[in-house]
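Please go through the fold described below with the coordinates open. The report moves from the whole chain to single elements and residues.

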Amino acid sequence: MMPILTADQITKRYGGVVALESVSIELNVGEVLGLLGANGSGKSTLSSILAGDNRPDAGLLRVGGVDLEPGSPAAARAAGIAIAHQHPGLAPDLPVWENVHLGAEICGPGKFLNRALARKKAGELLESLRPHWDLDAPAGKLTAADQQLVEIAKSLALEPRVLILDEPTAALAAAEVESLMRKIGVLASHGTSIVFISHRMAEVEAVCDRVVVLCNGRLAGEMAVSERIDEAQVIAWMGGTGGGAAAAHVHERGHQTEVRAPSLQRLRGAHLTTGDAAAEPALSARGLQAGTRLRGADFDVRQGEILGIAGLQGHGQEELLDALAGYRKLDEGHVKLYGAPLIPRSPRQMIDAGVCLVPNDRHRQGLWLEQSVEFNLAQVGVNFEKHAWRLRRVSKRRFVDDVVARLRIKTSDVRQPVRTLSGGNQQKVVIGRWLDARVNVRVLLLSDPTKGVDVIARKEIYEAVGLLADAGAAVIVYASDTAELLAVCDRLIVLYEGRVVAQLEGNDMNESQVTSALFGRSAA
Ligand SMILES: Nc1ncnc2c1ncn2[C@@H]1O[C@H](COP(=O)(O)OP(=O)(O)O)[C@@H](O)[C@H]1O
Ligand SMILES: [Mg+2]
C-alpha cells in the first residue's frame, strides 16, 4: 500500500546546528507512528516540516504520492495535514472556543462565521478530552495542561487525514492522557494516520504500531511495536550507543557533537578540588516539593560550581527553579544558603539573599521589551539602591557599557528597545544585569537559557555564566539539550518524576548515562 505521507531525505540547519540530516520516514494509512528521541534530537523540527510550518533546506515531501510544497502551511492543510504543536500557539485574549477554530472558521451560508455551531463543536471536541470547560474564558488564562488540550482540539477540528501530535501528553494529567489515547485509537481505526511524539514508553506502547528513533538529527533506528517495546534498544538508539543499524552514528558522534555545538567547552571544573567538596555548600536543598511535578528533590551546589539539571519536559525542573527563586510556593522541603535556613517567599526576597533567576520565558518574566537595553540592564541595580535618585548617571552608563562590551551584546545604541534585539542578545541582557556589582549573586539559576538561541550566542551566554561562577556564584542550570549540559557543567543531576534519580560527574557524565536516567533507569 502506498504511504499516505513520505518525507524523503529531509535536512534542516539552523546556522551551524544540524537539526535534521537526511531523514526519511513513511507513514501508512491508519498507522500510528511513534517519533522518539532525546531532547534536541530534531522531533519538533521534523514535525513542523511535515506540517508545512517550517521549510527544510533539502528533501521532498509527498502526500498520497503527490509532491507537497515545502514550507507552506496552507498546502499542508489542503492536503489534510494538521499539527498540535509542543508549545501551544493560542490567541490569549480570544475565548477558548474561538481558539479551537482559529484559522479554520466554520462558515455558514453566505460565508458568515456560524458562531453558535462553532461554539458547540468546540465544546464537544474539548469535552471528549476532558469534562467541564468554560468555553468563554480567554485562552491565556488557562493552565498549561488546558492550553495543551485546546491546541490538540484545534488540530482535531480540522478533521485531518494526517495528524501530528508533538509531545501532546507532556503537560497532561493521567485521566486526560487516557482520553487522548482512546481518541488516537478511534481515529486510527477510522483511517487517520498519526505521528505521535512522547517520552513515555507506556503511552508509545499503548498506541503506536511502529516507532522511529532520532539521535542528533539522524534516523537511528526503527522497530514495529507489538505487545511490548524493546525499551533498552530504543534508549540505546536515543543515546547514540545502539549497535547494529546505529553503529554508523556511534562512529560519527564525536564529529557530530562538534557540529552541533562547535564552541561550547567545559568551562569549569579544573579548579574544583576535594577541599571545595568538603566546604559548606552554597545552596543545599532537601525534600523540595512544589505543585504536582516536583516531589522531593535533594541536592547541593558549591561555590563556583556549575551544576546541571537534566530532565524531560514536565519532570519538575521548572518548578524547582521557580520555587528556589521565590516565583512559586514551595510546598515542602528545606533550603539552606551557606548553612543558613531560608524559606523562599518572593523573588524580591530571594534576590536580596543573592539567589537570582534567569527565567525560562524571557519575554514574560525577564525583560521590559519596550524599554531600552540600558534600562533593562540597570533596572535590577536601581531597585537595589536605597537611594536610587542618587545613582549617578555616569556610573550607570559605565556599568551598562561595560556589560554590553563584555557580553558582546549586539546593539547599535544602548537606547535601542530590547524588543528589537535577536533572541540571543535579549538573553544576554537578562544575564548581564546580574553582573551588576551592587547585586551580590551567590546562586545563579538558569532555566533553559539558550532555547532558540544560535550557537555563537550560546557560547557567549555560557561565557557570561562562567564570569559569574568565577566571581564566586554557585550556578544551577537546566537546559533541555543534554549535549549542552555535558559541555558546560561540572556536575549533573537528573530529575525523573520530580526526584533526583542520578548524580553524575567525571567519567559518569556522558550521554548514555544521562539518557538512561532521564527515563528513570539506573545506568546499564
Ligand atoms: N528556531 C531555531 N533556531 C535555532 N536552533 C533551533 C531552532 N529550532 C530548533 N533548533 C535546534 O535544533 C535542534 C533540534 O531541535 P528540536 O527539533 O526542537 O528537538 P526536539 O523536538 O527533538 O527536542 C536543537 O539543537 C535545537 O536547539
Ligand atoms: Mg520538541
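What follows covers the overall make-up, two sheet regions, three helices, the nonpolar cores and two loop residues.

## Overall make-up

This is a predicted model. The protein chain holds 19 helices and 20 strands. Of its 524 residues, 54% are buried. Among contacts with a separation of 6 or more, 67% join residues 24 or more positions apart.

## Strand β3 and its partners

Strand β3 covers residues 32-37, and six of its six residues are buried. Val-32, Gly-34 and Leu-36 point one way from β3. Leu-33, Leu-35 and Gly-37 point the other way, and these are buried too. In a regular strand, side chains alternate between the two faces of the sheet.

β3 runs parallel to β8 (residues 193-197), joined by four bridges. Gly-34 has Phe-196 as its bridge partner in β8. β3 also pairs with β9, again in the parallel sense, over five bridges. There, Leu-36 has Val-213 as its bridge partner.

Ser-47 sits in helix α1 (residues 43-50). Its relative accessibility is 0%, so Ser-47 counts as buried. Leaving out residues up to four places away in sequence, Ser-47 touches Leu-35, Ile-83, Ile-164, Asp-166 and Ile-197. Leu-35 is one of the buried residues of β3.

## Helix α5

Does the length of α5 fit its residue count, and what end-to-end distance should 14 residues span? At 1.5 Å a residue, residues 144-157 should span 20 Å. The end C-alpha atoms of α5 are 20 Å apart, which agrees.

α5 is mostly covered, with 12 of its 14 residues buried. Among them are Leu-149, Val-150, Ile-152 and Leu-156. Polar and charged names are on the buried list as well, including Asp-146, Gln-148, Glu-151 and Lys-154. The cover over these buried residues includes strands β6 (81-84) and β7 (162-165). It also includes helices α3 (96-100), α4 (115-127) and α6 (174-189).

## The six-stranded sheet and helix α19

Six strands form an open sheet in the order β16-β17-β18-β13-β19-β20, with mixed pairing. β16 (355-358) and β20 (499-505) stand at the edges. Each has a single partner strand, so one side of each is left without a neighbour in the sheet. On average, neighbouring strands of this sheet are turned by 20° against each other, direction ignored.

Within the sheet, β13 (residues 306-310) and β19 (residues 491-496) pair in the parallel sense over four bridges. Ile-309 stands opposite Ile-493 in β19.

Helix α19 (residues 511-518) lies across β13, β19 and β20. It runs at about 25° to β19. Seven of the eight residues of α19 are buried. They include Val-514, Ala-517 and Leu-518, and also Glu-511 and Gln-513. Gly-520 follows α19 and has a positive phi, near 75°.

## Nonpolar cores

In soluble globular proteins, nonpolar side chains tend to be buried together. The largest nonpolar core here has 104 residues. Ile-152, Ile-184, Phe-196, Trp-434 and Leu-444 touch the most other members. This core draws at least three residues from each of domain 1 (1-80 + 199-260) and domain 2 (274-518).

Which residues does Trp-434 contact, leaving aside neighbours within four places in sequence? They are Ile-351, Cys-356, Leu-357, Val-358, Val-380, Val-439, Val-441, Leu-444 and Leu-468.

A second, separate core has 31 residues. Leu-321, Ala-353, Tyr-478 and Ile-493 are included. Ile-493 is the β19 residue that stands opposite Ile-309.

## Two positive phi values in loops

Most residues other than glycine have a negative phi. The table lists two residues that depart from this sign.

| Residue | Phi | Loop | Relative accessibility |
|---|---|---|---|
| Glu-159 | near 45° | between α5 and β7 | 61% |
| Asn-216 | near 50° | between β9 (210-215) and β10 (218-224) | 9% |

Are these residues buried or exposed? Glu-159 is exposed, whereas Asn-216 counts as buried. The cut-offs are under 20% for buried and over 50% for exposed. Glu-159 also comes after helix α5.

Conventions: Residues numbered from 1 in each chain as written. Chains lettered and ligands numbered in written order. Predicted model: local features only at pLDDT ≥ 70, side-chain atom pairs only at ≥ 80, totals over all residues. Heavy atoms only, no water. Helix = DSSP H or I, 4+ residues; strand = E, 2+ residues; numbered from the N terminus. Expected span 1.5 Å × (residues − 1). Buried < 20%, exposed > 50% of the residue type's maximum accessible area, 1.4 Å probe, protein only. Contact = heavy atoms within 4.5 Å. Pairing = 2+ DSSP bridges. Axes fitted to C-alpha atoms, helices over the stretch in contact; angles between N-to-C directions. Core = buried A, V, L, I, M, F, W, Y, C linked by side-chain atoms within 4.5 Å. Domains from an automatic or database assignment.
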